[in-house]
Amino acid sequence: MNNYHTSVLLQESIDLLQVRQGEQYVDATLGGGGHTIEIVKRGGKVLGIDVDKDALEYVEQRIKNTELGIKKENITLAQGNFASIPTIAMEHGFESVSGILFDLGVSSHQFDTPERGFSFQHDAALDMRMDRNLTVSAKDLVNGLGRSELAELFMKLGEEPFAKKVANQIVKARSFKPIETTAELASIVRSVIFSKSTATHPATRVFQALRIAVNDELNVLKDALANSLTVLRPGGRLVVITFHSLEDRIVKEDFKQFEKEKKGLIVTDKPMTPTAEEIQQNSRSRSAKLRGFEML
């Protein structure tokens, strides 16, 4: 655990990787470095990739801590989109690796940093860009898309049953002034969606849909899974932690297709999920699912 991000299914995911002494691994979603550090502690060498510069800077400082008991030379950090794993890996001497780990979704740091605009828990500018070099933000989509486009986005990427009502209300609200902050959008969504659940905010699905769209998450994931196989050596494992049904469906179906094409074997009959104890300690872990695939 660290104050940047709490790694989910940490022991389970690294166990599934089957880390071997001196071999190379890719942590495709570095975050706070929790998975990377655990791999190194078990004897692996890691290429940690993240599209978010904040993560790289945090881990760069974290691995200087001698109390971690690891050699920082066993960790290589690189900024980039994980869809480009083959290129990034080759640039850093990780052409044939024994395992690749994906911990998808948003880091605790991104959620908890108001100015990143990911969360309705803070009032901040609507942003949601994981890579700040991207040109389109959530604010651009909310104020620029048409009524039917917004409804389709919320329905497909957020699985929001009240997508049309939310889209109508957004178009009505922005006719008076642009919608610029997370609080404004959350208030608009709350005005048309009544939720009895205390665990889930009414705007959760809408915010998820916008984040996925801004970062093109689903297309990037599909590319990344296929590209990862070109870097994995025989017997190497691809391990993925997902946080919502759209991601998990892609991973599940792609793994099945890889197996059908005789590229390898699925090593998790059913997805692994967090224990009740982990969920109690970290409520954001509650929707996590872990799947694994091994190259032939």
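This is a short chat about reading a sheet and a helix in a predicted model.

Student: Let's start with the sheet. What order do the strands have?

Tutor: In general, strands of a sheet pair through backbone hydrogen bonds, either parallel or antiparallel. Here you're looking at an open sheet of seven strands with mixed pairing, in the order S3-S2-S1-S4-S5-S7-S6. Strand S3 (75–79) and strand S6 (264–266) each have a single partner strand, so one side of each has no neighbour in the sheet. From one strand to the next, the twist averages 15°.

Student: How many bridges join S5 to S7, and which way do the two run?

Tutor: Six bridges link S5 (residues 232–242) with S7 (residues 289–295), and the pair runs antiparallel. To find one of them, go to Val240, whose bridge partner in S7 is Arg291.

Student: Which strands does helix H12 lie across?

Tutor: H12 (residues 245–260) lies across S5, S6 and S7, at about 20° to S7. Helix H11 (residues 217–228) packs on the sheet too, where H11 touches strand S4 (97–103) and S5. The direction of H11 makes about 160° with that of S5.

Student: Now helix H8. Which of its residues are buried?

Tutor: First the general idea: an α-helix has 3.6 residues a turn, so residues three or four places apart point the same way. In H8, the buried ones are Ala163, Val166, Ala167, Ile170, Val171 and Arg174. Down the axis of H8 they fall within an arc of 135°, so they line one face of the helix. On the other side, Lys164 and Lys172 are exposed.

Student: What do the buried residues of H8 pack against?

Tutor: Their partners are helices H6 (138–144), H7 (147–158), H9 (182–190) and H10 (204–215).

Key
Residues numbered from 1 in each chain as written. Predicted model: local features only at pLDDT ≥ 70, side-chain atom pairs only at ≥ 80, totals over all residues. Heavy atoms only, no water. Pairing = 2+ DSSP bridges. Helix = DSSP H or I, 4+ residues; strand = E, 2+ residues; numbered from the N terminus. Axes fitted to C-alpha atoms, helices over the stretch in contact; angles between N-to-C directions. Contact = heavy atoms within 4.5 Å. Buried < 20%, exposed > 50% of the residue type's maximum accessible area, 1.4 Å probe, protein only. Arc of directions from axis to C-beta.
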